[in-house]
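Me: Please take a close look at one part of this model, starting with a single element and its packing. Then carry on to the sites and loops that can be described alongside it. Keep it brisk.

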Amino acid sequence: MNYRQTHQNSINNPEQFWREQASKLAWFRQPKTILSNNPEQPSGYEWFAGGELNICYLALDYHVEQGRGEQIALYYDSPITGNKYSYTYSELLHEVARFAGVLQQQGVAKGDRVVIYMPMIPEATIAMLAVARLGAIHSVVFGGFAAHELAVRIDDAQPKLVVSASHGIEPHRLIPYKPLLDLAITKAKHKPLGTVIYQRNNVPDAKKVVCSMQEGFDIDWQRAMESATPANPVTVASNDPLYILYTSGTTGKPKGVVRDTGGYATALHYSMKAIYNLETGDVMFSASDVGWVVGHSYIIYGPLLAGCSTILYEGKPVFTPDAGAFWRICEEYKVNAIFAAPTAFRAIRKEDPEADFLRKYDISSVENIFMAGERLDPATFAWTQEKTGKPVIDHWWQTESGWPICASPAGIEKLSVKAGSSSLPVPGYNVMVLDDSGDPIAANEQGNIAIQLPLPPGCLTTIWGDSERFQTSYLQQFPGYYASGDGGYIDSDGYVFIMGRTDDVINVAGHRLSTGEMEEVVASHPAVAECCVVGASDSLKGQQPIGLIIMKNGLDITPEQLEKELVALVREEIGALACFKKAVTVKQLPKTRSGKILRNLVRKIADGHDYVVPSTIDDPESINEIKHALGN
Ligand code: COA
Ligand code: AMP
């Protein structure tokens, strides 16, 4: 079947379509139904009810049983420390089963939450799979988040245990994870029963940090592993949560996206061939972080479910040591599919515009280059395609979906792609463009991108502890549809163009952040009377946040000093990855007569785009001041 037939079939006969996909997994107990109505589920429907499985079993034990124990499951490549080593499926299983034993000994059982706050080291993967082995729920927090953000997630997920490491290693500094974790636990209302800390001893002396351990609370990973008894996989129901992954919404409180087990395993397994054209024994290199959804789906679960070899890369696309880093990885591990955010390729292009480094390496094993995480601008698309001579596939998805919504599915049919478009809806997704009242709109007209319900397997099932927020964030705006929060259009060939968020979510270097959250932090400074934070276009990182501040009267602080303090505050509260570096003081903000800040207008001014002044504006003069302050 070609792409169009396959897609049509998935929409017309979802049960038949997904029954076939689910049958490719080694369930402990086959699902009784494929898709059923279930009023008890926040979505009102359920995939694979009655099915039982364990995703860690499918990712590891199953392959060993199939005779693939000696195949490499995971390559660890860390130019930042100089370390490189690999694990076969048997070795990874051995480590995971033992670490699951460590967790079990600490009382972790099915349904318990375990927060994982770790750098890009194999132990992060081992911890995730070990939690899944016990039927417990992991919640990985990206290592770039500061203590406050970690505390917010600890309070929401209420973990029994936190797994972390002594420190992270960035090109120019060491990140003290353990002290950040200690601070987060002090700040959090919920107190875990303890922690397990991996001490990074196998790094050069200059990059070592010995962290202090609290007797009876902090457990040393290495020591605990010495006496661990391997744990067996625990059977879970298809709909049991595998993980909670927090993502930015429009408020200061991140949303805990809940992923089920059976739907996710089925969808990822399907996507490995259909979208990435990868099969057992192939090599996938996803240059992301285990703290993001790409890390969950395509560094860990997807490749391992499919019996591929995956690469855990602790480094940057540039400066570790140069702009040839990705190409080296492709040559060294004979990578078949590489996946990274466009910002990574923009960084490579900036450092090496003629792609001189590329000529030093043999990347003939690479079949396709995939990009996602933010819009792939046509210039980066053209450069990558021209310099590598490889098909470049932009594909669109979200933390919520867990796997691609739109793509040119390389394993189904080689379709032509269009610059600026993430191609066509993936089988399972019925993607539409709706106007603000929820009516479908014509081809080439811009509107709200929505997906007709039911969502295919693998997508979020709810927001952790807040099913009402799940409804209000995604299902209420357009009844019968999932509102993606992205705007764009579908052209007359059916190609989807994602043009950007319709809410206060921004994307900085492929990292999803909330300007609403930054506003809350900025507003907490005692000298700030009012503020607004918007994302402005940035040629390297896609977007960068900019703060517009109204200072309180009569305080002894200059705008320059205030900017410095606000930059430090956002770094301290959210983390360096927010890249909040500009806070401009103004006398007034453009507002409607009812007092609502016209953020959309400010965004357009910041980007130097055309704008229409809304008739509801309170003081049109405020626009000139903003233009002046932003230098536009
Ligand atoms: N732990 C702790 N801190 C981190 C971190 C982590 N895992 N990742 C980033 N940071 C910090 C950095 O140290 C930096 O701090 P600094 O301001 O003190 O220098 C800050 O966050 C910003 O980091 P980064 O975005 O990496 O900026 P950069 O200018 O060093 O690098 C790029 C620019 C484009 C090379 C880099 O952003 C990049 O590789 N982006 C791709 C991201 C990606 O793969 N996203 C995947 C989503 S699918
Ligand atoms: P995240 O949840 O971090 O994966 O971020 C999801 C958001 O990133 C989406 O809602 C989009 O705004 C943006 N995004 C991801 N992939 C693409 C893409 N291929 N094209 C345009 N935007 C994208």
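Reply: A residue counts as buried when its relative accessible area is under 20%, with the protein chains only as cover. Keep that cut-off in mind for helix 6. The model is predicted.

Helix 6 runs over residues 147–157. By the cut-off, eight of its eleven residues are buried, and the helix is mostly covered. The buried set begins with Ala147, Glu149, Leu150 and Ala151. Arg153, Ile154, Asp156 and Ala157 complete the set. Charged side chains are in that list too: Glu149, Arg153 and Asp156 are buried.

What do these buried residues pack against? Three strands take part: strand 6 (113–117), strand 8 (161–165) and strand 14 (241–247). Three helices do as well: helix 7 (177–187), helix 15 (515–523) and helix 16. After helix 6 comes Gln158, and its phi is positive, near 50°.

Helix 16 leads on to the C-terminal part of the record. UniProt, in an unreviewed entry, lists residues 517–596 as "domain: AMP-binding enzyme C-terminal". In the model, that span is 28% helix and 31% strand. Its end C-alpha atoms lie 17 Å apart.

Next, the loop before helix 16. This loop joins strand 31 (542–551) to helix 16 (559–573), and Gly554 sits in it. Gly554 has a relative accessibility of 83% and therefore counts as exposed, since exposed means over 50%. From Gly554 to Ala527 is 27 residues in sequence. In space, their C-alpha atoms are 9.5 Å apart.

Now ligand 1. Its surroundings comprise 21 residues, and those that come nearest are Glu170, Arg173, Lys316, Lys541 and Arg571. By class, the shell holds ten nonpolar, six polar and five charged residues. Two arginines reach oxygen atoms of the ligand. A side-chain N or O atom of Arg571 is 2.7 Å from an oxygen atom of ligand 1. For Arg173, the side-chain N or O atom is 3.0 Å from an oxygen atom of ligand 1. The backbone contributes at Gly144, where an N or O atom lies 3.4 Å from a nitrogen atom of ligand 1. On its own, ligand 1 exposes 940 Å², and the protein buries 81% of that.

Ligand 2 has its own shell, of 15 residues. Closest are Asp394, Thr399, Asp486, Arg501 and Arg512. The shell divides into four nonpolar, five polar and six charged residues. Thr399 places a polar side-chain atom 2.5 Å from an oxygen atom of ligand 2. Arg501 does so at 2.7 Å. A polar backbone atom of His395 is 2.8 Å from a nitrogen atom of ligand 2. The protein covers 93% of the 490 Å² of accessible area that ligand 2 has alone.

One more loop residue closes the tour. Ser423 lies in the loop between strand 21 (406–407) and strand 22 (424–425). Is Ser423 buried or exposed? Its relative accessible area is 1%, so it is buried. Sequence neighbours within four places aside, Ser423 contacts Cys406, Ala407, Ser408 and Val417. Gly494, Tyr495 and Val496 are also among its contacts. Set the two loop residues side by side: Ser423 is buried, whereas Gly554 is exposed.

Methods. Residues are numbered from 1 along each chain as its sequence is written. Chains are lettered from A and ligands numbered from 1 in the order in which they are written. This is a predicted model: local features need pLDDT of at least 70, side-chain atom pairs count only at pLDDT 80 or more; totals for chains, interfaces and linings use all residues. Side-chain values use heavy atoms; hydrogens and water are left out. A residue is near a molecule or strand if one of its heavy atoms lies within 4 Å of it. A polar contact is a pair of N or O atoms within 3.5 Å; within protein, one must be able to donate a hydrogen and the other to accept it, and residues adjacent in sequence count only if both atoms are side-chain atoms. Accessible areas come from the Shrake-Rupley method with a 1.4 Å probe; for residues, only the protein chains shown count as cover. Ala, Val, Leu, Ile, Met, Phe, Trp, Tyr, Cys and Pro count as nonpolar, Asp, Glu, Lys and Arg as charged, and the others, Gly among them, as polar. UniProt positions are given in the numbering used here, feature names are shortened, and annotations may be inferred rather than shown by experiment. Helices (H or I, at least four residues) and strands (E, at least two) are DSSP runs, numbered from the N terminus. Buried means under 20% relative accessible area, exposed over 50%, partly exposed in between (1.4 Å probe, protein chains only). Contact means heavy atoms within 4.5 Å.
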